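Dear colleague,

Please find below the structure I am handing over to you, followed by my notes on selected side-chain contacts and on one helix.

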Amino acid sequence: MSSTAEATPRNSSSAENEMQNLKIRPDDANSTEDVQVDSEQSKFSAILGILRKVVGVADVINLIPESDDEVERMLATLAWWFSKLLKHKGKIHKPFNSILGEQFFCRWDVGAGSPGTSSTERESTVASSITDVSAGSDSLPVHVEYITEQVSHHPPVSAFLYRCPQKGVEAAGLDHICAKFTGLSATVATGSESKGIFVTLKSRDNETYHTTHPVGNIVGWLRGNLKVQFAECSYIVCQKSRLAAVIEFKEERWFGKSKENVVGKVFKYDPQVFDKDTIMTWRLKDIPKSCSVVATFEGCWDKKVTVQRMNGNKKLGEAQTLLDMSDLDIAAKIVKPLEEQSDLESRRIWEPVATMMLQGKYGDATKLKRGIEERQRVLASERKEKSTAFVPALFKADYSGGKPELLDAAVINI
């Protein structure tokens, strides 16, 4: 579950090291654990543990500026799309394994000022995500809320919603992943239930940007230092503005550092000729000449990406910074105290396991984890005997389109 939870205890030098490296507290069971592969943990179980980290949505949505320029709104969405990859820099971590019906709520308070998106503003102010909290802002904070629920266990699917009522921005989707092993790496991609993230600008007559997740390759098994390399193509399509972006990742070198590992184009298309599903199969070389290119971008997804506005083949002005990862930092989640959470909230469920892990009592942590899992098996058996299906408490049961809807009566504990 993105910004939600999975864990198998492992050996560690001390609870203090865990606290420092993982930044988790006894009352913070929604945090992550470093992944190590040893004799007690097979490669398969290790990879299953980190899948959700690779294609999840624990990231935070940015305040996409309300520019009157539709291209600038697309570029702001593109900047947000890159910003959510921030969590994949450095070591891979694996979360706890969400139980059916598990919920997680949090919020972020950020500066009300929107990041600049004009070519002039972009040079001085990075079109960044909400993770980059504006320092020194005198304006009232903007609240961004995150709501998620594990709505299926077989297959494991989580529904989630980010929303910023003050800015009229929402982002919804489903977490569902799949993986396959290819030699010395594992390829992680979205499962059949996940259709990507749908970003909606309510202030723009529900202008919606359908974004897809990248494919991740987990490498470094021989060195015992796992990291993510992205591959293939991802897409952003806005049917209302008839703009689309193809994001193409380049294969990274085994040795040394790649100069740049991502390139792409933003272009105008004719919906009477090309539909969204067709566009989402294209590589850059497949973009027809009939589609007018309005911007190109390139760089390193984990460092800096620049954008060049275009009018067909003609450059408009100088290239500007789209996003600089070095300027971003993940903001702390604001979560209700443990005593104010329900029994189905992540930190209430996993706090005892996390406490044992921090104390180095991994055997006790394993017993507690197994107890939680056994309780889920009992509940599943009872539902089967009664021929009753699990009904989500927060989201509508029909999420087949990939864009879950929050129930009007959903109890949101933020």
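Glu 170 has a relative accessibility of 24% and therefore counts as partly exposed, as it is above the 20% under which a residue is called buried. Please bear in mind throughout that this is a predicted model. Glu 170 takes part in a salt bridge with Lys 202, and the closest N and O atoms of the two are 3.1 Å apart. Since Glu 170 belongs to strand S6 (residues 169-175) and Lys 202 to the loop between strand S9 (197-201) and strand S10 (207-211), the pair ties together parts that are 32 residues apart in sequence. Lys 202, at 46% relative accessibility, is likewise classed as partly exposed.

This pair is one of several to report, as a search of the whole structure finds 16 salt bridges. Among them is the contact between the side chains of Arg 163 and Glu 145, with an N to O distance of 2.7 Å. Here Arg 163 lies in strand S5 (residues 156-164) and Glu 145 in strand S4 (residues 142-153), so this salt bridge ties together parts that are 18 residues apart in sequence. Glu 145 counts as buried because its relative accessibility is 18%, with the limit for that class being under 20%.

A further salt bridge joins the side chains of Arg 348 and Asp 343, at 2.7 Å from N to O. Arg 348 is partly exposed, at 31% relative accessibility, whereas Asp 343 is exposed, at 60%. In addition, Asp 69, Glu 72 and Arg 309 are joined into one network by salt bridges that share partners.

I turn now to helix H6, which comprises the 13 residues 346-358. From its first C-alpha to its last, H6 reaches 17 Å, close to the 18 Å expected at 1.5 Å a residue. The helix nevertheless bends by about 40° at Pro 352.

How much of H6 is buried? Of its 13 residues, 10 are buried, so the helix is largely enclosed by the rest of the structure. The buried residues are Ser 346, Arg 347, Ile 349, Trp 350, Val 353, Ala 354, Thr 355, Met 356, Met 357 and Leu 358. Just after the helix, Gly 360 adopts a positive phi of about 75°.

Yours sincerely

Note on methods:
Residues numbered from 1 in each chain as written. Predicted model: local features only at pLDDT ≥ 70, side-chain atom pairs only at ≥ 80, totals over all residues. Heavy atoms only, no water. Helix = DSSP H or I, 4+ residues; strand = E, 2+ residues; numbered from the N terminus. Expected span 1.5 Å × (residues − 1). Bend = angle between axes of the 7 residues up to and from the residue. Buried < 20%, exposed > 50% of the residue type's maximum accessible area, 1.4 Å probe, protein only. Salt bridge = Lys/Arg side-chain N within 4 Å of Asp/Glu carboxyl O.
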